[in-house]
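Let's take a relaxed walk through this structure, stopping at the bound molecules and then at the empty spaces. Keep the view open as you read.

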Amino acid sequence: MPAPVPFDPEAIVSAEYKERPVPEGVTTKRTICATCDIACNVVTEVRKGRVTRVRSSDNPIFRDNICMKGIIAPKAYAHPNRILHPLKRVGERGSGEWEQVSWDEAMTDIGARLNTIIDQYGPEAWAVSTSQWNTATDHGLGRRIMNHVGNPNWISGVALCAGNTAAINKLTYGWFPIGDFNNTKCIVLIGHNPRRHSWTPIYNYIRSAQARGAKLIVMDPRRSSNAERADIWLPLKVGSDVAMLFGWLKVIIDEELYDKEFVSKWTLGFSDLRQRVNDYPLERVAKLTGCDPEMIAKAARIYATQGPSIIPWTPITDMQRNSTSGIRLQSILRAICGYIDVPGGETLQGFNPDIINETEIEMHHVLSDEQKAKQLGSDAHPAFTYRAQTKFNEATKRVYGQEYANLVMGCYMATPSATFRAMAGKGPYPVKAFFFLGNNPLMSYANMPLILEAMQNQDLIVAHEQFMTPSAQMADYVLPGDSWLERPWLHDLFGWMSAVRLSEKSMEPPGECLSTFEFWKRLATSIGRPELVPWDDLESFYDYRVAKTGMTFNQLAESTDIYFAKPEFRQYEKKGFATPSGKVELKSSVLEDLGFDPLPYFREDPELDDQYPLLMFTGVREDGFFQTAFRHVPEMRARHLEPEIYLSPKQAGEMGLKEGDWVSVQNQLGEIKATLAIKDAMPDGLVRVPHGWWKPEMEQGKACLSGAHDYADSQLCRDDDDFLDREQGIPHLKGIPCRVVKADAPATASQTASVGSKKRVLEPAE
Ligand SMILES: Nc1nc2c(c(=O)[nH]1)N[C@H]1C(S)=C(S)[C@@H](COP(=O)(O)OP(=O)(O)OC[C@H]3O[C@@H](n4cnc5c(=O)[nH]c(N)nc54)[C@H](O)[C@@H]3O)O[C@H]1N2
Ligand SMILES: Nc1nc2c(c(=O)[nH]1)N[C@H]1C(S)=C(S)[C@@H](COP(=O)(O)OP(=O)(O)OC[C@H]3O[C@@H](n4cnc5c(=O)[nH]c(N)nc54)[C@H](O)[C@@H]3O)O[C@H]1N2
Ligand code: SF4
Ligand SMILES: [Mo]
């Protein structure tokens, strides 16, 4: 298998490859798939102005990186469900009645109404929510406008996925590291489970590292496909990752397996850390995690002594009540074992000096301290808000040349739950306008009932979408968004890496679909601030951002797939780390300043009771869908016709449940319906609940929300205090008490027959 993106930039740029022959009448474009957020380099074939095929890149280094969701994209985006024109609500909110209006009419009214709300309640009364696609759909322009009008209330799916990890990593060493997969000798997957059709490039990285002889250690309560291929699988109790990582530290510190020289020269707080770690003897860790202490010790020894090792980013510790401690423990392990900024370890890359990065576009410095202080959630849970993150400004400037570094868009966010509470009228001040772009808020945050209440309480809701999602159904305006086939893209890799990637536009958008660039540009004009987006179009905006390369965006995109600044290792030797102390802060001075425990700690789960005797997690991605999207695509739906929960055979047997039964999963917050799949990869007592289910073929409008009321897992995701991480305020989605009972099929289940028919195929492990 050829290696996926290697760390050596020259290998990509100089990879010799022949472009594959192209059929008559077809032109090709070098493109980046943005159907999911891993962004594979692909080639589009265009015939008569339409993309007829998406295939893998000709560059051998990228050739294996494509999945079924990328391949189906032309069909998925050409589907009759695609929203082609701006829609304005005519009935009451959520009635599902719309009229078609022009972009001009829509934006003029939106701008005027937004100005009225800002005049009446202040700029903080406007909340904006975007997604992972921020880089593809926002370019920092939304933040730029918000910062200029004085609004700190931006939330995103990245609060639960990588953005928060980036912000918390900063606490330890001032940046978010990325693993050098190509040279590493050991990979640790904390639940994270890339597969052939789920983040394909990372899957390929892991497989080629294993083929080279690298070790693989997997922590997962379920026997996942990566667990099956691991050297060591630690089947830990759901939600117990922090206890497990403490166990590793106990072994590594007691047996003196850490890098003493690095620790004494470059870290602060080691003796305090050691004391805290002593609270977690292996017998205690074994009890908390349910794992064999010998296996825990063996895994820790491999990590520390057979490196350089990497712990790739994982969404699991992004979504736990101990999230901050979990992410901090990973950063501490990396640091004390000497794996920071070394070949085969975890690199701190910084910005690309030749490209104007998105943080610069965002202009956080123009937002006043007074407005920053109003950021929702920052009082109780400040870790990824301005309140914590601006404490890095000086250090970030010293090391990375600019004060603000909005890595993975996650470093200056409001907290979602606090934002929805304010929107619902529960204080601390009114929020009356809500915009969401490339994001399905009802289903992608915790506590859907609260979000619905919040939406009902708005004066203005604007969605920029490709499809009529349950959230869009609650909007006042739904504006038609383009897709990645229909726009160019300068992907700055979330500001996380020093490379930028380039994607050519393949075709014109259908109907009146427009990019978010156009949306923000038109909004800036309609609120009377056209100077905030002075570029004529996306291409000229990108030309401005790449000007230092001496090329236009199109010239650069024709010349290369990726534009690199060659990464240098051990850069900290020159400038220190971008923390207030300039050292790796094992004990975080910023958390201490904010009144939090500066060391990691483990909050145990509350005891289970008879009413809700099982624990559930949401996740295990489905090959054919991306998060809440793509359920309208027949080819994909045929693979997963109905939402499925998983139970172990013993658990299902004890409850008298059979494969395929309809069940209801219930807890204190709500209920969902699903079918049962019995999986021997599941431990007893654990329930897998699929994320993001709705059925686009079902009735629209607030009564049904196309099945979201029946199926959306966000109805079970609690955000009361016991279920929120203290420092960040993000919800615990890995270990929620629940019960499962047999249920009737929802009356609407049969409607799915029109979408696809389920073929039972022998699937490899997920
Ligand atoms: N309960 C629960 N919540 C979760 C998770 C979970 O497992 N359980 N997972 C979390 C994770 S890992 C993530 S990444 C987030 C993701 O959460 P979101 O950011 O909300 O992602 P999606 O659910 O995919 O919704 C994205 C929407 O954008 C639309 N879209 C796609 N491309 C474009 C485009 O180019 N332009 C426009 N305008 N729209 C576009 C799609 O149609 C889709 O409706 O959710 C998080 N929330
Ligand atoms: N086809 C497809 N691919 C996708 C996506 C998609 O929607 N569809 N979404 C993409 C996105 S945005 C993301 S974030 C990634 C996420 O993808 P992954 O990182 O693979 O995350 P999940 O599939 O949710 O769950 C991974 C594993 O976590 C285990 N797990 C559950 N609870 C715990 C726990 O408490 N601790 C530990 N250690 N393990 C636990 C589960 O058993 C499961 O095997 O996938 C990406 N890839
Ligand atoms: S993994 Fe699939 S959906 Fe994601 S970017 Fe690659 S081809 Fe596209
Ligand atoms: Mo994600």
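How many nonpolar, polar and charged residues does the shell around ligand 2 have? Sorted by class, there are 14 nonpolar, 10 polar and nine charged residues. Before going further, bear in mind that you're looking at a predicted model.

Let's stay with ligand 2 for a moment. It has 33 residues around it, and the ones that come nearest are His192, Asp220, Asp241, Phe625 and Gln627. Asp220 also makes a polar contact: a polar atom in its side chain sits 2.6 Å from an oxygen atom of ligand 2. Arg222 joins in too, with a side-chain N or O atom 2.8 Å from an oxygen atom of the ligand. Asp623 uses its backbone instead, where a polar atom is 3.2 Å from a nitrogen atom of ligand 2. On its own, ligand 2 would expose 910 Å², and the protein buries 99% of that. As for where the shell comes from, domain 3 (178–347) and domain 4 (614–764) each supply at least three residues.

Now swing over to ligand 1. Here 27 residues are around the ligand, and Ser131, Ser444, Glu465, Thr628 and Asp713 come nearest. Look for Arg487, which has a polar side-chain atom 2.9 Å from an oxygen atom of ligand 1. Two glutamines reach nitrogen atoms: a polar side-chain atom of Gln466 lies 3.3 Å from a nitrogen of ligand 1, and a side-chain N or O atom of Gln627 is 3.3 Å from a nitrogen of this ligand. Taken alone, ligand 1 exposes 920 Å², of which the protein buries 97%. Its shell has eight nonpolar, 14 polar and five charged residues. Why does ligand 1 lie between domain 2 (87–156 + 351–563) and domain 4 (614–764)? Because both domains give residues to the shell around it. Notice that Gln627 turns up twice on this tour, once among the residues that come nearest to ligand 2 and once in a polar contact with ligand 1.

Next up is ligand 3. The residues around it include Cys33, Cys36, Cys40 and Cys67, along with others such as Ile38, Lys69 and Thr200. By class, this shell has seven nonpolar, three polar and one charged residues.

With the ligands done, let's turn to the spaces in the protein itself. A search of the whole structure turns up eight cavities of 30 Å³ or more. The second largest of the cavities has a volume of about 710 Å³. It is lined by 41 residues, with Ile38, Ile178, Ile202, Tyr205 and Met497 closest to its centre. You've met Ile38 already, as one of the residues around ligand 3. Strand S8 (178–179) and helix H8 (200–211) are the elements that give two or more residues to this lining, and H8 gives the most, with three. The lining divides into 28 nonpolar, nine polar and four charged residues.

Last stop: a pocket. The second largest pocket has a volume of about 410 Å³. Of the 21 residues lining it, Gln349, Gly350, Val399, Tyr400 and Gln571 lie nearest its centre. Helix H19 (393–400) and helix H26 (572–575) are the elements that give two or more residues to the lining, and the largest share, three residues, comes from H26. In this pocket, the lining splits into 11 nonpolar, five polar and five charged residues.

Terms used:
Residues are numbered from 1 along each chain as its sequence is written. Chains are lettered from A and ligands numbered from 1 in the order in which they are written. This is a predicted model: local features need pLDDT of at least 70, side-chain atom pairs count only at pLDDT 80 or more; totals for chains, interfaces and linings use all residues. Side-chain values use heavy atoms; hydrogens and water are left out. A residue is near a molecule or strand if one of its heavy atoms lies within 4 Å of it. A polar contact is a pair of N or O atoms within 3.5 Å; within protein, one must be able to donate a hydrogen and the other to accept it, and residues adjacent in sequence count only if both atoms are side-chain atoms. Accessible areas come from the Shrake-Rupley method with a 1.4 Å probe; for residues, only the protein chains shown count as cover. Ala, Val, Leu, Ile, Met, Phe, Trp, Tyr, Cys and Pro count as nonpolar, Asp, Glu, Lys and Arg as charged, and the others, Gly among them, as polar. Domain bounds come from an automatic or database domain assignment. On a 1 Å grid over the protein atoms alone, a cavity is a set of points where a 1.4 Å probe fits but cannot get out, and a pocket is an open set with protein on both sides within 12 Å along at least five of seven lines; lining residues have an atom within 4 Å of a point. Grid points are joined across faces, edges and corners, and a volume is the space filled by probe spheres set on the points. Helices (H or I, at least four residues) and strands (E, at least two) are DSSP runs, numbered from the N terminus.
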